[in-house]
Amino acid sequence: MLPSHAGTVRSFAVQNTSERRTAHRRYREIMVGGLRTACLSRQQLTSLMVGDCLAARGGRRRPKLVFASNGHAIALAATDSQFRRCFEDASLIHADGQPIVLASKFLTQHPIPERSATTDFIYDAARSALDHGLSFFLLGGREAVNARCSDALGKRYPGLQIAGRRNGYFKAEDEAAICDIVNASGADILWVGLGVPLEYEFCIRNRHRLNAGWIVTCGGCFNFVIGEYTRAPRWMQACALEWLYRLWREPRRLFWRYTITNPLATFALLTRTASIVVPRSAATTS
């Protein structure tokens, strides 16, 4: 069952939208599936990354936590209060899944311009990082996957600075030392691919220890970069059917996940999507 506050925001609540300021830019946020989601294109998201990371150098700002919203995350946030609190602490939530974009178009007056799938955004980020001298740290995945991802990005974008990398197999007591390694690398963007919900919890626990400009959750993105996972055809992505393609590819691993999360996510998208959101103070956006 969804928590009793499911009806606190409805699609008919329109007009008053919030705006956030980051790196001297403003953008609108709306509520989609119960999560405060940024109305940003991929180009705008990349521009914000560059501005924030350059402004954060020298430890002048806390890292921005950049989380991805998709059906899986929405379903978990609707049923798990601890997981939902992780998203409430995010600096920015972007529309990783096409259903989030479609819900915003049909149920709000301020639709999200386009999907910013992390598997696409990592390439946008790499191009801009190369142009502006920003560096990456890759945290997560198996050792072989992590190493191959680093090599693949370096070959695709010659000159891209991979400041450091580490696989995602470690104990909680190792986290402080890992954060020290990330900080010593001087990385501007930390990509955290530890899976759901571990990557979100890691970011929340260690934000105060890290100096990167952006900390970005990226799930299995490293596997996509090296071609171990494949994307659905474009038409399936546009129709919000990428989950069906993935289910076809990995039925044993994903059948129960989608059987449980898809109905929950659909209900949350229909009942917790609105143009109006509760404004936050400027202090929480810094």
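Okay, let's start with one residue, Phe67. Leaving out residues up to four places away in sequence, Phe67 touches Cys86, Phe87, Ala90, Leu92, Ile93, His94, Tyr200, Cys203, Ile204 and Thr217. Before I go on: this is a predicted model, so please hear everything today with that in mind.

Where does Phe67 sit in the bigger picture? Phe67 belongs to the largest nonpolar core, which has 40 residues, and is listed with Phe87, Ile112 and Leu190 as having the most contacts inside that core. The element that gives the most to this core is helix H2, residues 71-79, with five residues. There's also a second, separate core of 33 residues, and that one includes Ala38, Leu45, Leu92 and Trp214. For background, nonpolar side chains in soluble globular proteins tend to be buried together.

Now the rings. Which residues share an aromatic cluster with Phe67? They're Phe83, Phe87 and Tyr200. Across the structure there are eleven aromatic pairs. Take Phe83 and Phe87: their ring centres are 5.2 Å apart and the planes sit at 50 degrees, so we call that pair tilted. Both residues are in helix H3, four residues apart, which means about one helical turn separates them. And both Phe83 and Phe87 are buried.

Compare that with a pair that reaches across the sequence. Phe121 and Trp214 have ring centres 6.3 Å apart with planes at 45 degrees, so this pair is tilted too. Phe121 lies in helix H5 and Trp214 in strand S9, so the pair ties together parts that are 93 residues apart in sequence. Phe121 and Trp214 are both buried as well.

Since H5 has come up, let's stay there. Why do we say the length of H5 agrees with expectation? H5 runs over residues 118-132, and at 1.5 Å a residue its 15 residues should span 21 Å; the end C-alpha atoms are 20 Å apart, so that agrees. H5 is mostly covered, with eleven of its 15 residues buried. Among them are Thr118, Asp120, Phe121, Tyr123, Asp124 and Ser128, so if you're scrolling along, you'll find polar names in that list too. Just after H5, Gly133 takes a positive phi of about 70 degrees.

Next stop, helix H8, residues 198-206. The buried residues there are Glu199, Tyr200, Phe202, Cys203 and Asn206. They cover an arc of only 160 degrees around the axis, which puts them on the same side of H8. What covers them? The list includes strands S4, S6, S8 and S9, plus helices H3 and H7. You've already met two of these H8 residues, by the way: Tyr200 and Cys203 both touch Phe67.

Just ahead of H8 there's a backbone detail to look at. The peptide bond from Val196 to Pro197 is cis, with omega near 5 degrees. Pro197 is found in the loop between S8 and H8. As a reminder, most peptide bonds are trans.

Let me zoom out to finish. The chain has twelve helices and nine strands, and of its 286 residues, 50% count as buried. If you take contacts with a separation of 6 or more, residues 24 or more positions apart account for 75% of them. The exposed area is about 13100 Å², with carbon and sulfur atoms supplying 54% of it. That's my tour, thanks for listening.

How values were computed: Residues are numbered from 1 along each chain as its sequence is written. This is a predicted model: local features need pLDDT of at least 70, side-chain atom pairs count only at pLDDT 80 or more; totals for chains, interfaces and linings use all residues. Side-chain values use heavy atoms; hydrogens and water are left out. Helices (H or I, at least four residues) and strands (E, at least two) are DSSP runs, numbered from the N terminus. The expected span of a helix is 1.5 Å times one less than its number of residues. Buried means under 20% relative accessible area, exposed over 50%, partly exposed in between (1.4 Å probe, protein chains only). The arc is that of the directions from the helix axis to the C-beta atoms. Contact means heavy atoms within 4.5 Å. Accessible areas come from the Shrake-Rupley method with a 1.4 Å probe; for residues, only the protein chains shown count as cover. A nonpolar core is a set of buried Ala, Val, Leu, Ile, Met, Phe, Trp, Tyr and Cys residues joined through side-chain atoms within 4.5 Å. Rings of Phe, Tyr and Trp (its six-membered ring) pair if their centres lie within 6.5 Å; planes under 30 degrees apart count as stacked, over 60 as edge-to-face and the rest as tilted.
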